[in-house]
Amino acid sequence: MDLRSDFDPTLPIEAARTPPTSWYLRPEFHERELASVFGSRWHFAARVEQLTAPGAFVATEVGDQPIVVVRGEEGELRAFHNVCRHHAACVMQGAGTADALVCPYHGWTYGLDGALRTAPAMGRIDGFDRDAMGLPSAAVAAWGPFVFVSLAEQPGDLHAELAPLNSLLEASGWGDLQYYGSGIYELECNWKVYVDNYLDGGYHIAHAHKSLDAELDMADYRTECHDTWCVQLCADSGSDRLEGGAIYAWLHPNFMINRYGPIMDTNLVVPRGHDRCEVRYDYWFREVEGADAEVFIRESLAQTDRIQQEDIALCANVQRGMRSVSYDRGVYAKSETGMYQFHRLLAGDLLTAE
Ligand SMILES: [Fe+2]
């Protein structure tokens, strides 16, 4: 597989071709992507509200790498590779609060600072340096209500990268929203099929999401690309749910922030092999208590689920079509500037890692 001949990121969009289907079908390409795309960049890892108390932790993954994010005793946020230095068991599971990070396998115990405290009944080991046996750390940064982790040695400045998006979301009143709940969808497609679908500049909405089409003023739909993220903006068409219009932000590679009306939902697209992925939703609302809020939330979640089910079917359909011997690569519609940006960033990550 020669990436340079696979995809040319230098062409104007009207002359460009999409990456070949090998990027979506081949297990060996997926492995390269895990190391390069997921081994660099900032990745959503947790919500700040999960990590307020000292000792609060969230175990998650970045690509296929187990990670744990921890709030230390003095309030510092830390991230570690969540893998015991003894026999590689994942140390923490799920989310909660703990005094120490204890491996469930043989009880090796690490402090909230990642240092190895005890390794029971090990006996004498030649050359054992306890100070070097802590959990290796990863970069961590909080932005808005989100915590991000990076496995890069020198990750970029997350706050600087996202400053214009921060202004947009501040102006939308995202600070007034409260976390309500989460959901997970399993998809029969490569994770990039879902991201591509998200970044078509609203092209599929009129065809595939009739109910959403009715809520948006599609003549107003526009995409703004920035270095490592883009935003799709659209005015509402008098809908209560989308009052004030919609902000659909995508952060390279796999995180989306959908902010509309009194609502925000986020999507984390988690690869589960070369032909499967999982989309993790977090739901936020301005009002979460009272009978009116309950009705509004139920109806809104039903609408979100309807749109998601439509996208799940589309994405599985594309993944099946990509296996066709008749198809190798496609072209971009003029609205698909966000998608072209995604593919350019992917190509850059892959080439940098070579
Ligand atoms: Fe869609």
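**Stop 1: Leu-169.** Select Leu-169, which is part of helix H4, a segment covering residues 158–171. The model on the screen is a predicted one. Is Leu-169 buried or exposed? Its relative accessible area is 0%, and a residue counts as buried when that value is under 20%, so Leu-169 is buried.

Next, display the surroundings of this side chain. Which residues does Leu-169 touch, if those up to four places away in sequence are not counted? They are Trp-143, Trp-174, Ile-247, Ile-257 and Arg-259.

Now add Asp-349 to the selection and draw a distance between the two C-alpha atoms. Leu-169 and Asp-349 are 180 residues apart along the chain, and their C-alpha atoms are separated by 27 Å.

**Stop 2: the iron ion.** Select the iron ion and show the protein atoms that serve as its donors. Which residues supply them? His-204 and His-209 each contribute an NE2 atom, while Asp-311 appears twice, each time with an OD atom. These donors lie 1.9 to 2.6 Å from the iron ion.

Consider next how the donors are arranged. The angles among the four donor atoms run from 55 to 155°. Four donors count as tetrahedral only if all angles lie between 85 and 135 degrees; the site of the iron ion is classed as irregular.

Then colour the chain by residue number and follow the donors along it. Their spacing reads H-x4-H-x101-D. His-204 sits in the loop between helix H5 (191–198) and helix H6 (205–208), whereas Asp-311 belongs to helix H8 (residues 291–322), so this pair ties together parts that are 107 residues apart in sequence.

Select these two residues once more and turn on the surface. His-204 is buried, at 15% relative accessible area. Asp-311 is buried as well, with 8% relative accessibility.

**Stop 3: the whole protein.** Clear the selection and display the protein as a cartoon. How many helices and strands does the protein have? There are nine helices and 17 strands.

Rotate the C-alpha trace along its principal axes: the span is about 70 × 55 × 35 Å. A compact globule of 354 residues would have a radius of gyration near 20 Å, and the 22 Å of the protein agrees with this.

Finally, show the surface of the entire protein. About 16,000 Å² is exposed, and carbon and sulfur atoms supply 50% of that area. Of the 354 residues, 52% count as buried. Among contacts with a separation of 6 or more, 60% involve residues 24 or more positions apart.

Key. Residues numbered from 1 in each chain as written. Predicted model: local features only at pLDDT ≥ 70, side-chain atom pairs only at ≥ 80, totals over all residues. Heavy atoms only, no water. Donors = N, O, S within 2.8 Å, 3.2 Å for Na, K, Ca; no water. Tetrahedral: all angles 85-135°; square planar, octahedral: opposite > 155°, others 65-115°. Helix = DSSP H or I, 4+ residues; strand = E, 2+ residues; numbered from the N terminus. Buried < 20%, exposed > 50% of the residue type's maximum accessible area, 1.4 Å probe, protein only. Rg over C-alpha atoms; globule rule 2.2 N^0.38 Å. Contact = heavy atoms within 4.5 Å. Areas by Shrake-Rupley, 256 points an atom, 1.4 Å probe, with all protein chains shown as cover.
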